[in-house]
Amino acid sequence: MSSLQDQLRGLVYSTEHGETCPDCRQPAAQCQCAEQAEQARLAELDGIVRIRRETSGRKGKGVTTIGGVALPETELKTLAKALKKRCGTGGAVKEGVIEIQGDHRETLKAELEARGYTVKLAGG
Ligand SMILES: [Zn+2]
């Protein structure tokens, strides 16, 4: 028979193995923390897509970043894929921001506006 201490240790153990979520303590299958984090990110957006060129600490032409797109992560990746193809370059999605390699601000602005987004060119 196990002591209360052992039982508590067992709970922590199962949490570490991903059976329950450490944040909400729900079973992993019922955990909605990731969805809630995404909802929170989407709720902060103002409906304006911001395109920015970033060169600091990067080689060559840097990257064009696209922030503020109100899409869940999976759809954001689909959009990024289409934009990369449109520009004929590479890129990535990082924390809700699409990065496209090189300076493609005008192309991306036109493409996103054609898709119905309100777009602003921000920064340098
Ligand atoms: Zn959770």
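In the predicted model, Lys94 stands opposite Val97 in strand S4. This facing pair belongs to the contact between strand S3, which covers residues 91-94, and S4, the two strands pairing in the antiparallel sense over 4 bridges. The hairpin formed by S3 and S4 has 2 residues between the strands, and within this hairpin Glu95 takes a positive phi near 50°. Strand S4, spanning residues 97-101, also pairs with strand S2, spanning residues 63-67, again in the antiparallel sense and over 4 bridges. In that pairing, Val63 stands opposite Gln101 in S4. S4 is therefore paired with S2 as well as with S3, because at least two bridges between two strands are required for a pairing and 4 bridges are found with S2 and 4 with S3.

The pairings described above form part of a fold in which the protein chain comprises 4 helices and 5 strands. Read from the N terminus, these elements follow the order α-α-β-β-α-β-β-α-β. Of the contacts in the protein chain with a separation of 6 or more, 47% are made by residues that lie 24 or more positions apart. Of the 124 residues in the protein chain, 27% are buried. The surface exposed by the chain amounts to about 8,400 Å², of which carbon and sulfur atoms supply 49%.

A zinc ion is coordinated through the SG atoms of Cys21, Cys24, Cys31 and Cys33, at 2.2 to 2.4 Å. The angles among the 4 donor atoms range from 105 to 117°, and the site of the zinc ion is tetrahedral. The assignment follows because four donors count as tetrahedral if all angles lie between 85 and 135 degrees, and the computed angles of 105 to 117° satisfy that condition. Along the chain, the donors of the zinc ion are arranged with the spacing C-x2-C-x6-C-x1-C. Among these donors, Cys24 has a relative accessible area of 29% and is partly exposed, since the partly exposed class lies between the limits of 20% for buried and 50% for exposed residues.

Charged side chains were examined next. Side chains of opposite charge can pair when their charged atoms come close, and the structure holds 8 salt bridges. In one of these, Arg53 pairs with Asp103, with the closest N and O atoms 3.8 Å apart. This pair links distant parts of the chain, 50 residues apart, with Arg53 located in strand S1 (residues 48-54) and Asp103 in the loop between S4 and helix H4 (105-114). Arg53 counts as partly exposed at 29% relative accessibility, and Asp103 likewise counts as partly exposed at 29%.

Asp103 forms a further salt bridge with Arg105, for which the closest N and O atoms are 3.0 Å apart. Through salt bridges that share partners, Arg53, Asp103 and Arg105 are joined into one network.

A salt bridge is also formed by Arg86 with Glu111, the closest N and O atoms being 2.9 Å apart. Here too the pair links distant parts of the chain, as Arg86 lies in helix H3 (residues 73-87) and Glu111 in helix H4, 25 residues apart. With a relative accessibility of 46%, Arg86 counts as partly exposed, whereas Glu111, at 18%, counts as buried. The two partners fall into these classes because the limit for a buried residue is set at under 20% relative accessible area, a limit met by Glu111 at 18% but not by Arg86 at 46%.

Technical notes
Residues numbered from 1 in each chain as written. Predicted model: local features only at pLDDT ≥ 70, side-chain atom pairs only at ≥ 80, totals over all residues. Heavy atoms only, no water. Donors = N, O, S within 2.8 Å, 3.2 Å for Na, K, Ca; no water. Tetrahedral: all angles 85-135°; square planar, octahedral: opposite > 155°, others 65-115°. Buried < 20%, exposed > 50% of the residue type's maximum accessible area, 1.4 Å probe, protein only. Contact = heavy atoms within 4.5 Å. Areas by Shrake-Rupley, 256 points an atom, 1.4 Å probe, with all protein chains shown as cover. Salt bridge = Lys/Arg side-chain N within 4 Å of Asp/Glu carboxyl O.
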